[in-house]
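Thanks for sharing this one. Here are a few friendly notes to read alongside the coordinates, beginning with the ligand and moving on to the fold.

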Amino acid sequence: MRLILVGPPGAGKGTQAAALVQRLNVPHLSTGDMLRAAVAQGTELGKKADEFMKAGGLVTDDLVIPIVVERIRESDCAAGFLLDGFPRTRPQAEALDRAMQAAGVSLDAVVVIEVPDELIVERITGRRMDPETGAIYHLKFNPPPEEIAGRLQHRQDDTEEACRARLQKYHSETAPIIPYYDQQGLLRRIDGVGDPQRIAENLFAALGLDA
Ligand code: AP5
Ligand code: MG
């Protein structure tokens with residue numbers, strides 16, 4: 001299956017992607033994770049992306065599009081993939097269409113995880129990541145086991161200020177791709193509020209998958 005997960009910051013894209021890729025056995029392609037890895041490694045891309053990310057802005061299309069276009073050509077993506085956080089602009093959506101057309105493949109669905117703005121800041125500021133396993137926790141909603149508390153990380157863009165900037169970008173740049181996919185009959189809307197396990201069940205059902 002070839003899927004896209006769309007949603008505001010903190011919607012639960014990463015949380016739901018973990019369940020989905022396990023179920024579907026396809027690679028999880030998160031442009032946020034790829035860019036953070038580039039920043040951590042100090043690559044040319046990372047140096048250019050760092051300032052945009054810290055401030056909660058979008059990294060420019062000319063930097064992000066080639067990463068994804070090249071990544072989906074790799075052999076582990078032949079049977080499908082789950083894109084998380086890409087596309088985020090109309091030019092990114094169009095570039096993805098062209099790349100998939102050239103490869104003779106097409107999207108199966110675009111899932112939008114909907115969460116109201118007023119719940120986002122608390123989700124983002126309470127998030128903690130385990131750098132060893134990639135697991136996503138929340139101090140209140142999904143508390144980490146005590147024995148790993150010392151190694152957990154707080155993302156540099158998980159401040160309230162950067163979070164508000166990210167939300168604004170989501171509404172101005174990313175939300176307009178939703179009607180683009182709706183017109184193609186690919187859109188599935190999922191309520192992202194409530195128990196993550198129940199959200200996963202709704203997501204699987206919307207994709208016609210058994211839980
Ligand atoms: P990215 O890493 O994609 O960040 P984001 O879109 O802001 O989304 P998040 O990862 O913050 O949230 P999420 O939806 O994955 O939620 P999660 O599951 O972690 O991008 C970061 C930056 O990189 C961008 O700002 C931009 O600068 C750049 N970038 C990336 N892609 C780009 C692109 N295509 N173009 C240009 N720039 C790009 O959950 C969040 C928290 O909530 C966790 O603590 C979790 O435990 C908790 N939680 C999850 N589900 C629930 C639930 N149901 N109830 C309660 N809490 C929950
Ligand atoms: Mg994420």
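1. Let me start with the surroundings of ligand 1 in this predicted model. There are 35 residues around ligand 1, and those that come nearest are Thr15, Gly57, Arg88, Arg127 and Arg166.

2. Some polar contacts are worth a look. The side chain of Thr15 has an N or O atom 2.6 Å from an oxygen atom of ligand 1, and for the side chain of Arg36 the corresponding distance to a ligand oxygen is 2.9 Å. Lys13 takes part through its backbone, with a polar atom 2.8 Å from an oxygen of ligand 1. On its own, ligand 1 has 1,000 Å² of accessible area, and the protein covers 96% of that.

3. Which elements each supply at least two residues of the shell around ligand 1? They are helices H1 (13-24), H2 (31-41), H6 (117-125) and H9 (196-206), along with strand E6 (136-138). H2 gives the most, with four residues. By type, the shell divides into 15 nonpolar, twelve polar and eight charged residues.

4. Now the sheet. Five strands pair in parallel to form an open sheet, ordered E2-E3-E1-E4-E7. Its edges are E2 (28-30) and E7 (187-191), each pairing on one side only. Neighbouring strands are turned by 20 degrees against each other on average, direction ignored.

5. At the E7 edge, strand E4 (residues 109-114) pairs with E7 over five bridges, and Glu114 stands opposite Asp191 in E7.

6. Finally, two of the shell helices also meet the strands. H1 packs on the sheet and touches E1 (2-6), E2, E3 (81-84) and E4, its direction making about 180 degrees with that of E3. H2 lies across E2 and E3 and runs at about 65 degrees to E2.

Terms used: Residues are numbered from 1 along each chain as its sequence is written. Chains are lettered from A and ligands numbered from 1 in the order in which they are written. This is a predicted model: local features need pLDDT of at least 70, side-chain atom pairs count only at pLDDT 80 or more; totals for chains, interfaces and linings use all residues. Side-chain values use heavy atoms; hydrogens and water are left out. A residue is near a molecule or strand if one of its heavy atoms lies within 4 Å of it. A polar contact is a pair of N or O atoms within 3.5 Å; within protein, one must be able to donate a hydrogen and the other to accept it, and residues adjacent in sequence count only if both atoms are side-chain atoms. Accessible areas come from the Shrake-Rupley method with a 1.4 Å probe; for residues, only the protein chains shown count as cover. Ala, Val, Leu, Ile, Met, Phe, Trp, Tyr, Cys and Pro count as nonpolar, Asp, Glu, Lys and Arg as charged, and the others, Gly among them, as polar. Two strands pair if DSSP finds at least two bridges between them. Axes are lines fitted to C-alpha atoms, for helices over the stretch in contact, and angles run from 0 to 180 degrees between N-to-C directions. Contact means heavy atoms within 4.5 Å.
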